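Biologist: Hi, could you walk me through this one? Please put it up and we can chat as we look.

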Amino acid sequence: MENQLFIYNSLSRKKEAFKALNSPHVGMYVCGPTVYGNAHLGHARPAITFDILFRYLQHLDYKVRYVRNITDVGHLENDMDDGEDKIAKKARLERLEPMEVVQYYTNSYHRSMRQLNVLDPSIEPQASGHIIEQQQFIDRIFESGFAYEKNGSVYFDVKKYNEKYKYGILSGRVLEDLQSNTRNLEGQDEKKNPFDFALWKKASPDHLMRWPSKWSVGFPGWHLECSTMGTKYLGDEFDIHGGGLDLLFPHHECEIAQSTAVHGKSSVRYWMHNNMITLNGQKMGKSLGNAVSLDDFFSGKHPLLEKAYSPMSVRFFMLQAHYRSPLDFSNEALISAEKGLERLFRGIETLEKIQPSSKSDIDFKQFESKCYHALNDDLNTPILISHLFDGLKQINDLKEGKISIHSDDLNNLQSLYKTFVENILGLIHENSGKGSELTAVLIETILTIRQEAKLKKNFETSDQIRNALTSLGIEIKDKKDGFDWELKSTT
RNA sequence: GGUCGGUUUGCCGAGUGGCUAGGCGCUGGUCUGCAAAACCAGUUACAGCGGUUCGAAUCCGCUACCGACCUCCA
């Protein structure tokens, strides 16, 4: 079986054959969330994308160390409110400890990720836990000559860096263009050039998170944490760095500069970026005020949502699009994903009940190879899913006895679906809506009575029962011999 | 303004030169007391214009429109 994985490297803008630096070990770093708000649909995209990669690499027998950070420093400044704003007032009243905010939203993030069946990373470092390492990293940038201090803050000298190395290799930006297009923001006068970025910032009096350093009491610059923690846990050079496309510039560009300044070359071999989730064609983001939180999706309590969507529906919805394509959210798209996923699970249930025969009309090897081929092609999950749906037709034909399968192929096919759907795509069949045991027994008792009424052709009674149960949100599925049922609209 | 990407059938979304994904929806059928569910079948497009080619959704050029980034963002 050919299993050469190709991944798209944002640096070369090409699909490249993946070769692990120290096979079978793979080091993978992904930018995690800044924990100052509930996780929204946008956060789920990289989490799921790189969860698939994590799972697939492990499936290919790599030993993966997956580092996904929690950013809890650098963005937690008090808002510059004048004190009259209601929200600011409330925040002051609640007077939360910054670490309280961090802990709260970290927990919330973890809860959402677990619901989405995203595996825990191997290491989940917090920026605030690596202040000393970040300071040491700054020391090393000083040693290489690309840092300068001004009024207790430390900046990266991009212009000087650009003279030795090239700044902008990831984003395709040219320094001269940046120079003329960088906006003039406050507090920029300390910098030699507007595009220089902070390595260490002196804390203003109202800044809550602060640490002593040789330069000032302050806090590390945002770009620094990833360079520091990435190399700390994965080595000076490692395999994969992932994150959202919106981080490509300036965040990842600055990471490259920092690492290159220290190590003489970039630490990362493969840069991977997932595309954005859009809402009505616009990027979903907190700053735009159009982010729908994952909790909202799971509960359905949001004006934009017509109903609640299960975590697996959300996961499947994302996997039906390629991770490098933008994905537009809509109720219609999510509902169609939900229905498709149900059908997929139903097919797998059917597959479990197939009886083998002596001959086989199934070309298992070819089917398997198509599935691998899809994932090997830059994690093309939509193609993989389309193959799995194609297989459903055969499964139903097997059930109907139109075609047959021998036991080896049957076992292979069953394990293939289990492997790809559950282990790699991470889709698990949530307990089909049967409610509590008490509910189930009651409903089945009633349905048995209805069945008896039907057999006696007492349709008045059977319809009466059906209408009553239907109005309670219980869907009755009559079959040739007997019945099945499901609780719909479970809140 | 600069950098990058996109425009695919009713909707969502794959596809980088010929073999015309897939899901949802819709239509028809099978089953059924009726309905639902389930299953089966049908349903087709590549923004516009020009070029390259035996052949283009796919390559090249231009135009139009959309988006991301350039400021915190997944």
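Biologist: How many bridges pair strand S7 with S8, and in which sense?
Modeller: Strand S7 (residues 198-202) and S8 pair over 3 bridges in the antiparallel sense. Strands here are DSSP runs of E, at least two residues, numbered from the N terminus, and two of them pair if DSSP finds at least two bridges between them. This is a predicted model, where local features need pLDDT of at least 70, side-chain atom pairs count only at pLDDT 80 or more, and totals for chains, interfaces and linings use all residues. Residues are numbered from 1 along each chain as written, chains are lettered from A and ligands numbered from 1 in the order written, and side-chain values use heavy atoms, leaving out hydrogens and water.

Biologist: Thanks! Which residue in S8 is the bridge partner of Lys-201?
Modeller: That's Phe-219.

Biologist: And what sheet do they belong to?
Modeller: An open, antiparallel one of 4 strands, ordered S5-S6-S7-S8. S5 and strand S8 (218-220) are at its edges with a single partner strand each, so one side of each has no neighbour in the sheet.

Biologist: What about the S5 end?
Modeller: S5 (residues 147-150) pairs with S6 (residues 153-156) over 4 bridges, antiparallel, and Ala-147 stands opposite Phe-156. The two strands form a hairpin with 2 residues between them, and Asn-151 in the turn has a positive phi of about 55°.

Biologist: Switching to the RNA: how many residues surround strand B?
Modeller: 62 residues surround RNA strand B, counting a residue as near if one of its heavy atoms lies within 4 Å. The closest are Trp-222, Leu-247, Lys-283, Met-284 and His-322. Of the RNA atoms that come within 4 Å of the protein, sugar and phosphate account for 65%.

Biologist: Which side chains make polar contacts there?
Modeller: Taking a polar contact as a pair of N or O atoms within 3.5 Å (within protein, one must be able to donate a hydrogen and the other to accept it, and residues adjacent in sequence count only if both atoms are side-chain atoms), I can name some. Arg-346 has a side-chain N or O atom 3.3 Å from a phosphate oxygen of RNA strand B. For Asn-396, a side-chain N or O atom is 3.3 Å from a sugar or linking oxygen. Ser-462 puts a polar side-chain atom 3.2 Å from a base oxygen.

Biologist: You listed Lys-283 by the RNA; what does it pair with?
Modeller: Lys-283 sits in S12 as the bridge partner of Thr-278. S12 and strand S11 (residues 277-279) run antiparallel, joined by 2 bridges.
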